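Visitor: I am new to this structure and should be grateful for a close look at a single part of it. Would you please take one chain and describe how it is built and what it touches?

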Amino acid sequence: MTFKPLLSSITKKLIMAITGACFVLFLAFHGTMNFVSILSPDAYDGICNFLGANWYAVVATLGLAGLAGLHILFGVILSLENFIARGFVRYRKTERPKGVEWSSRNMLVLGVLILLGLALHLFDFWYKMQFAELVGREPINGIEQIQFLFSHNYFSICYLAWFVVLWLHLSHGVWSMLQSVGWNSEHWKKAWQVIGYVVATLIVLLFVSVVIYYWLINPFKC
Amino acid sequence: MNFTLKIWRQANRTAKGHFVDYNVSDISPDASFLEMLDILNEQLVLKGEEPVYFDHDCREGICGACSLFINGRPHGKGEGTTTCQLYMRKFKDGETITVEPFRSRAFPVIKDLTVDRSAFDKIIQAGGYVSCHTGGVPDGNAIPVPKADADRAMDAAACIGCGACVAACKNSSAMLFVAAKVSQFALLPQGKVESARRAQAMVAKMDELGFGNCSNTYACQAVCPKHISVSNIARLNREFLCGKIVSPLRKEQ
Amino acid sequence: MDEKLQSRIPEGPLAEKWTNYKASQKLVNPANKRKLDIIVVGTGLAGASAAASLGELGFNVKIFCIQDSPRRAHSIAAQGGINAAKNYPNDGDSIQRLFVDTIKGGDYRAREANVYRLAEVSNNIIDQCVAQGVPFARDYAGMLANRSFGGAQVSRTFYAKGQTGQQLLLGAYGALSKEVNKGTVKLYTRREMLDLVIVDGRARGVIVRNLETGDIERYSAHAVVLATGGYGNVFFLSTNAMASNGSAAWRCYKRGAYFANPCYTQIHPTCIPVHGDYQSKLTLMSESLRNDGRIWVPKKKEDVEKIRKGELRPIDIPEEDRDYYLERRYPSFGNLVPRDVASRAAKERCDAGFGVNKTGLAVYLDFSEAINRLGKNVVKARYGNLFDMYEEIVNENPYETPMMIFPAVHYTMGGLWVDYELQSTVKGLFVAGEANFSDHGANRLGASALMQGLSDGYFVLPYTLQNYLADQIQTPRISIESAEFEQAEQNVRAQIEKLLNVKGTETVDSFHRRLGKIMWEYVGMAREKAGLEKAIKLISDLRKEFWKNVKVSGSAIGMNSELEKALRVADFLEMGELIARDALQREESCGGHFRIEHQTAEGEAQRDDQNFNFVAAYEYKGSESIPELHKEQLEFEFVEVKQRNYK
């Protein structure tokens with residue numbers, strides 16, 4: 001049984017890598033922006049207002065949504081193909097060999113969890129901010145929403161759990177995309193992996209610090 | 001030493017398979033895994049039962065014929081070894097050992113533990129060679145090859161085509177196998193000439209035969225009996241993607 | 001000279017024979033090549049390279065192998081290297097010198113013209129393999145590296161780590177795959193040749209068993225090339241692969257091809273010793289180990305006893321109590337004497353009671369001196385993979401304690417008789433590689449097997465086969481419906497039926513093991529009249545017992561490993577007897593054949609050039625009769641025949 005796929009496996013992986021890279025860049029921007037809220041809540045508000053529902057922010061959002069869609073679509077296609085490739089009789093016993101990360105084998109699961117978290121997050125923020133503005137409702141204030149949400153334990157814990165999942169996804173994803181586009185080499189193999197971990201950790205720390213800050217040491221506690 | 005074996009038995013390509021338990025006793029710790037199976041088979045034959053069919057040949061770890069999935073790992077535990085070089089002293093006395101065939105849609109089971117790996121031959125046939133013909137070639141020393149490149153080409157060329165990479169990969173991807181061959185030739189001036197074309201042809205064939213996609217788990221490298229590195233996969237990606245961009249340009253010229 | 005044994009050596013001076021042949025041979029034009037079919041059996045170096053080259057020329061080739069892939073052929077296990085007379089190191093090598101060394105190494109029992117041609121094309125092989133992308137070892141200038149091998153005085157061996165055979169085979173496999181892709185070669189895997197079909201006196205096809213389905217299949221062609229390797233597995237324990245067998249050649253012998261020099265078997269000195277009765281095969285370690293390792297046994301019997309009991313460790317034996325017997329007996333070559341000499345010397349020490357493991361069948365190969373001299377890292381760089389392999393198998397660390405080694409059957413110089421064109425006594429049946437007898441005489445030099453296999457396949461057969469096929473262009477495609485095919489198929493079916501119906505009580509492996517013990521005991525490294533006569537009797541009895549009492553489980557349909565083995569062992573049981581007969585007939589010691597009655601006062605092999613300067617070629621005369629011996633007299637016009645001396 002053979003079939004000719006439209007795109008080669010490597011091309012599909014390239015798409016995953018490029019869209020993944022955009023995701024990482026976006027997260028870096030988003031994280032930095034969030035972190036500003038610790039340094040200066042006013043500046044953070046300024047950024048929120050600057051973005052708002054202005055055309056460039058909407059275009060960027062649509063672009064991001066498109067890239068995310070591609071990433072998800074190809075992630076699902078690849079996973080499906082991979083599942084079928086094993087055949088329908090599976091191993092009875094398998095062992096994870098040394099040097100193989102747990103996350104690398106569970107990117108789909110991690111992706112789905114991220115997506116679920118994202119739904120919550122979009123509802124909490126984007127729906128009430130940019131989307132509200134677009135449909136003509138009064139958008140809520142970003143910093144107040146942050147303060148409100150993270151003063152609740154369950155929201156904070158949910159978000160922190162979500163960030164752990166995100167870290168796992170990124171810890172594999174960042175260096176993995178370098179491998180997929182062919183930038184890896186024997187010499188750089190270890191280095192890229194370390195750089196990948198560092199990038200993933202830095203990004204996630206930006207997000208985590210905001211939650212911790214507003215949850216545990218919230219100076220504006222009401 | 002005594003062992004309980006859980007072995008996959010399947011009469012032929014279309015039959016439904018199942019696990020059967022066997023006990024073997026008084027096995028020397030110096031016996032190889034395949035010699036242990038020989039002993040089991042001799043007992044089965046004497047009892048009038050059908051012996052367990054498995055691929056094997058050189059029993060020196062180089063022909064790539066042996067292929068068992070032992071206790072959840074291709075070629076069993078032990079780094080850089082094939083099943084034929086796995087010795088029973090690596091197991092605990094009284095241990096239960098699960099023996100399965102390599103599982104991949106591209107490697108259908110033929111009988112018991114024997115699988116059809118002709119897909120690998122088909123990938124090589126698609127382009128895994130330098131297209132020179134016999135005779136009419138320059139002197140061996142006419143084109144110098146940097147030692148480092150020759151050594152790296154050799155490391156990639158050490159692949160024995162056993163299929164452990166496919167068996168271990170959760171996606172059943174053959175990327176390490178393809179990458180090893182593409183790398184070997186991409187690193188040598190003799191093979192570089194048609195490197196882009198080779199990568200395209202071999203990857204297309206690999207996809208067509210139903211192997212999965214690489215998701216960079218590096219399980220292949222971890223189980224490879226010849227320690228083929230995943231950096232070869234990066235090189236394959238590079239050769240492939242550059243080829244995708246460069247070869248249409250070349251055609252236009 | 002026997003009328004059938006025409007060697008057909010071209011006229012002219014030695015160095016011009018092959019050139020002259022090529023210049024005057026007949027050719028087939030491209031349009032006709034497409035109409036001609038060639039069957040190649042075996043996908044090792046010789047088979048794969050022949051099929052690829054013939055496919056490139058435009059012939060229709062069908063190639064068969066018993067494994068699941070052509071890349072598994074046992075050529076893949078050759079470690080050391082491949083010789084060529086390139087003289088890159090500027091150390092005085094030349095075609096002439098490689099030729100003389102090969103003739104001398106073969107103890108003057110090979111045909112001069114064949115060997116010269118081998119030396120001549122050796123250089124083309126290296127060029128060809130480099131062009132194919134074989135990653136030979138190189139120096140920092142990017143030039144090909146060479147090493148000295150097996151005691152050669154020049155460094156003429158090219159290598160790819162310790163996996164030269166693998167890399168050369170994969171090169172040939174690549175070339176073969178290229179032709180399969182083009183459609184000139186059709187590949188048939190998991191097929192075992194069980195008979196040769198002869199139509200009107202010419203080889204016209206084969207009968208094979210499909211090892212997956214059990215089907216008996218017929219294939220026809222204008223010529224058949226046999227490249228099925230050697231028959232070393234007659235000895236049960238050998239360094240050959242499990243599936244290596246002599247059946248294809250044996251079936252050809254029974255169809256009229258003469259079998260030459262069956263008694264010439266090579267025993268390799270550096271194998272890992274036998275450890276138990278369940279053992280399935282022996283593992284070879286590269287001969288290159290002898291470049292730096294020193295071979296010894298204890299001088300004192302009491303030390304031997306203590307070692308066997310585990311009371312004494314080899315490293316505790318002081319220098320003066322060690323017997324470096326090769327250095328003692330052969331001061332100038334020392335540990336680098338040819339394989340047969342090294343093997344016999346080991347056996348001599350073990351027979352005298354100095355063997356160092358529990359079975360008493362092992363000697364030490366010691367690297368402590370090399371480690372002191374070169375440092376552990378250099379030794380590791382040179383032999384690391386071999387040391388690792390040894391440790392894996394034996395569970396001892398060779399950096400700390402000496403390795404144990406013992407000789408084992410490794411290669412068979414004998415094989416089907418062929419003329420200069422590699423054609424057997426059956427017209428249209430060509431034989432290449434280890435399966436023929438042609439180039440190594442009574443003993444093969446290290447790193448020469450790869451050279452011969454590729455020489456036959458890449459550079460000899462494409463010419464000589466064409467010369468044969470030029471007369472066949474009028475012959476239409478051969479039908480597989482003829483009475484000859486029918487008869488051959490029935491023959492095969494009957495044999496399978498017979499085996500399955502014995503329904504005895506002893507397994508095939510058990511018979512094979514028993515045969516191996518007889519062979520090793522009486523037809524092994526040192527042979528004598530009484531032992532050989534006994535062996536002939538024992539083998540003949542064992543064969544009778546086999547056909548009365550063998551138990552082959554399963555049926556003829558589908559995969560049946562027991563049936564496969566039974567068919568091969570049935571042939572081994574006949575082959576073993578022929579080997580013993582030939583050894584008995586050859587009242588001299590030469591190369592791999594050592595007769596205890598024929599040795600010098602110092603225990604060295606003694607040839608008898610007066611009476612045994614011939615190739616012994618056997619003609620099959622039916623299962624009940626003794627095969628007829630034909631002699632091809634060897635003439636040495638260009639080299640001086642000397643007694644080998646490695647002192």
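Guide: The following account concerns chain B, its own build and then its contacts with its neighbours.

The model is a predicted one. Chain B contains nine helices and seven strands. Along the principal axes, its C-alpha atoms fill a box of roughly 70 × 40 × 35 Å. Chain B has 253 residues, and 64% of these count as buried. Among the contacts in chain B with a separation of 6 or more, 69% are between residues 24 or more positions apart.

One pair of helices within the chain deserves attention. Helix α5 of chain B, residues 175–186, packs with helix α7 of chain B, residues 195–208, and their axes are 10 Å apart. The angle between α5(B) and α7(B) is about 170°. Because angles over 145 degrees count as roughly antiparallel, α5(B) and α7(B) are described as roughly antiparallel to each other. On the side of α5(B), the residues that meet α7(B) are Val178(B), Lys181(B), Val182(B), Phe185(B) and Ala186(B). Their partners in α7(B) are Ser195(B), Arg198(B), Ala199(B), Met202(B), Val203(B) and Met206(B). By class, the contact of α5(B) with α7(B) has eight nonpolar residues, one polar and two charged.

The next topic is the contact with chain C. Chain B gives 64 residues to this contact, and chain C gives 64 residues. On the side of chain C that touches chain B, at least two residues each come from α3 (45–57), α5 (112–131), α6 (164–182), α14 (449–469) and α18 (561–585) of chain C. The largest share of that side, nine residues, is supplied by α6(C). The side of chain C that touches chain B is made up of 23 nonpolar, 26 polar and 15 charged residues.

The helix α6(C) also leads back to a particular helix of chain B. Helix α2 of chain B, residues 118–127, packs with α6(C) at an angle of about 80°, and the two axes lie 7 Å apart. Since angles of 65 to 115 degrees count as roughly perpendicular, α2(B) and α6(C) are roughly perpendicular to each other. Here Asp121(B), Ile124(B), Gln125(B) and Ala126(B) of α2(B) meet Gly174(C), Ser177(C), Val180(C) and Asn181(C) of α6(C). The contact of α2(B) with α6(C) comprises three nonpolar residues, four polar and one charged.

There remains the contact with chain A. For this contact, 42 residues come from chain A and 40 residues from chain B. The helices α1 (9–39), α3 (55–86), α4 (102–105) and α8 (153–180) of chain A each give at least two residues to the side of chain A that touches chain B. Of that side, α3(A) gives the most, with six residues. The classes on the side of chain A that touches chain B are 15 nonpolar, 14 polar and 13 charged.

To review the part as a whole, chain B has nine helices and seven strands. Within it, α5(B) and α7(B) are roughly antiparallel. Chain B also has a contact with chain C, to which each of the two chains gives 64 residues, and a contact with chain A, to which chain B gives 40 residues.

Definitions and conventions. Residues are numbered from 1 along each chain as its sequence is written. Chains are lettered from A and ligands numbered from 1 in the order in which they are written. This is a predicted model: local features need pLDDT of at least 70, side-chain atom pairs count only at pLDDT 80 or more; totals for chains, interfaces and linings use all residues. Two residues are in contact if their C-beta atoms, placed from the backbone, lie within 7 Å. Helices (H or I, at least four residues) and strands (E, at least two) are DSSP runs, numbered from the N terminus. Ala, Val, Leu, Ile, Met, Phe, Trp, Tyr, Cys and Pro count as nonpolar, Asp, Glu, Lys and Arg as charged, and the others, Gly among them, as polar. A residue is buried if 20 or more other C-beta atoms lie within 10 Å of its own, exposed if 12 or fewer, and partly exposed in between; C-beta atoms are placed from the backbone. Axes are lines fitted to C-alpha atoms, for helices over the stretch in contact, and angles run from 0 to 180 degrees between N-to-C directions. Angles under 35 degrees count as roughly parallel, over 145 as roughly antiparallel, 65 to 115 as roughly perpendicular and the rest as oblique.
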